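I have opened a new structure and am keeping notes as I go. The entries follow the order in which I looked things up.

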Amino acid sequence: MALRLVFMGTPDFAVPTLAAIAEAGHKLPAVYTRPPRPAGRGMVVQASPVAYQAERFGLSVATPKTLREINAVDAMRAVDANAAVVVAYSLILPKQILDLFPLGCFNLHASLLPRWRGAAPIQRAIMAGDRETGVAVMKMEEGLDTGPVAMTERIAIGPDTTAGALHDELAGLGARLMVRALAELEARKLRLMPQPHAGVTYANKIEKAETRIDWTQSWNKVHDHCRGLSPFPGAWFEHSSAGRIKVLRSTKGSGAGEPGCVLDDHLTVACGEGAIRLLELQRAGRQPMRADEFLRGTPIPRGTKLH
């Protein structure tokens, strides 16, 4: 017998899981997501990606601003669901909500818990130079990503993998994992394991102040920084005439010099240790461009100091 589920999610990362659950035949009487908000260059009010997907399936969509008010709890109770599935939802679930579901609330998290609890696990894993990550299905409790884990799936992080590419791969992997976990839950065979106390790290939200490239770091740290923030929000440097420039792809370069100094005509830049070659860049308001295309419109001669 199919489960009766509430789905809570907001961004693109959550869409494959919503689709997979619906296609698996589970009942979805309510989908909760972030309220519409201004987005894009024209700041047009837009519904969330999950809202669009839910509407395609003909599902009922709720967009409360908070779940802490008594009417929000009553509305959720009226749905009368067995369990809830949460994927990158933008609101905190209070205990009153967590306690509504007889089989529990299950969160899909984009890391191998307890490593990288928190808001930005994909970016932080790459920025830290991790060679492996994954997805975890966790039964939620009041703490930040502290609940027992039901299932995990591992995946290697390639040396040039960007956050955008890893995001898409983990979204699909996580959708399949959640469907497997729900099948076990439906059969009352789902097993939960407490998270170990060792190895806990936190993936804090990416702050604007940390997106600027620090050329005094070693080339590999600069490389991990750039790919971990690609394509959004983007690691960047400033050029005297072109302004702020994002680096979307890079690789190891050859040569040495003062950190931030351009070493050749191919945008190889000296770092605190070694050098990095910039492969894809983006000026504000422009499309991403390969380095050779970029240099034709924005010359950056050797000897230039980037800041």
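The notes below start with the whole chain and then turn to single elements and residues.

**Entry 1: the whole protein**

I noted before anything else that this is a predicted model. I looked up the secondary structure and found 8 helices and 16 strands. I then took the extent along the principal axes: the C-alpha atoms fill a box of roughly 65 × 45 × 30 Å. I checked burial next, and 48% of the 307 residues count as buried. For the surface I read an exposed area of about 15300 Å², of which carbon and sulfur atoms supply 51%.

I also looked at how contacts are spread along the sequence. Among contacts between residues at least 6 apart, 65% join residues at least 24 apart. For charge, I looked up the mean positions of the 37 positive and 30 negative charges, and they are 2 Å apart.

**Entry 2: the open sheet**

In what order do the strands of the open sheet of 7 strands lie? I read the order as 5-2-1-6-7-9-10, and the pairing is mixed. The edge strands are strand 5 (61-62) and strand 10 (149-156), each of which pairs on one side only.

I picked one pair from this sheet for a closer look. Strand 1 (residues 4-9) and strand 6 (residues 83-87) run parallel and are joined by 5 bridges. Within this pair, M8 stands opposite V86 of strand 6.

**Entry 3: T133**

I went to T133 next and found that its place is in strand 9 (residues 132-139). Is T133 buried or exposed? The relative accessible area of T133 is 3%, so T133 is buried, since buried means under 20%. I listed what T133 touches, leaving out residues up to four places away in sequence: A110, S111, L112, A125, E153, R154, I155, I157, L166 and L170.

**Entry 4: F57**

I looked up F57 and placed it in the loop between helix 2 (49-56) and strand 5. F57 has a relative accessible area of 32%, so I entered F57 as partly exposed. Which residues is F57 in contact with, leaving aside its neighbours within four places in sequence? I found A19, A22 and E23. I also took a distance from F57 to Y202: the two are 145 residues apart in sequence and 35 Å apart in space, C-alpha to C-alpha.

**Entry 5: helix 6 and what comes just after**

I looked up the span of helix 6 (residues 163-186), which has 24 residues. From its first C-alpha to its last, helix 6 reaches 33 Å, close to the 34 Å expected at 1.5 Å a residue.

Just after helix 6 I came to R188, which takes a positive phi of about 60°. I marked this entry because R188 has that positive phi although it is not a glycine. R188 sits in the loop between helix 6 and strand 11 (202-203). With a relative accessible area of 56%, R188 is exposed.

**Entry 6: L267**

I found a positive phi of about 60° at L267 too, and L267 is not a glycine. L267 lies in the loop between strand 13 and strand 14 (268-270). Is L267 buried or exposed? At 1% relative accessibility, L267 counts as buried.

**Entry 7: cis peptide bonds**

I looked at the loop between helix 7 (219-228) and strand 12, where P231 has its place. The peptide bond that joins S230 and P231 is cis, with omega about 5°. P233 is found in the loop between helix 7 and strand 12 as well. The bond from F232 to P233 is also cis, and its omega is near 0°.

**Entry 8: strands 12 and 13**

I ended with strand 12 (residues 235-239). Why do I call strand 12 largely enclosed by the rest of the structure? I call it that because 4 of its 5 residues are buried.

Strand 12 pairs with strand 13 (residues 243-253) in the antiparallel sense, over 5 bridges. The two strands form a hairpin, with 3 residues between them. Across this pair I found W236 opposite K246, the latter in strand 13.

Technical notes
Residues numbered from 1 in each chain as written. Predicted model: local features only at pLDDT ≥ 70, side-chain atom pairs only at ≥ 80, totals over all residues. Heavy atoms only, no water. Buried < 20%, exposed > 50% of the residue type's maximum accessible area, 1.4 Å probe, protein only. Pairing = 2+ DSSP bridges. Contact = heavy atoms within 4.5 Å. Areas by Shrake-Rupley, 256 points an atom, 1.4 Å probe, with all protein chains shown as cover. Lys, Arg positive; Asp, Glu negative; His and termini not counted. Charge placed at Lys NZ, Arg CZ, Asp CG, Glu CD. Expected span 1.5 Å × (residues − 1).
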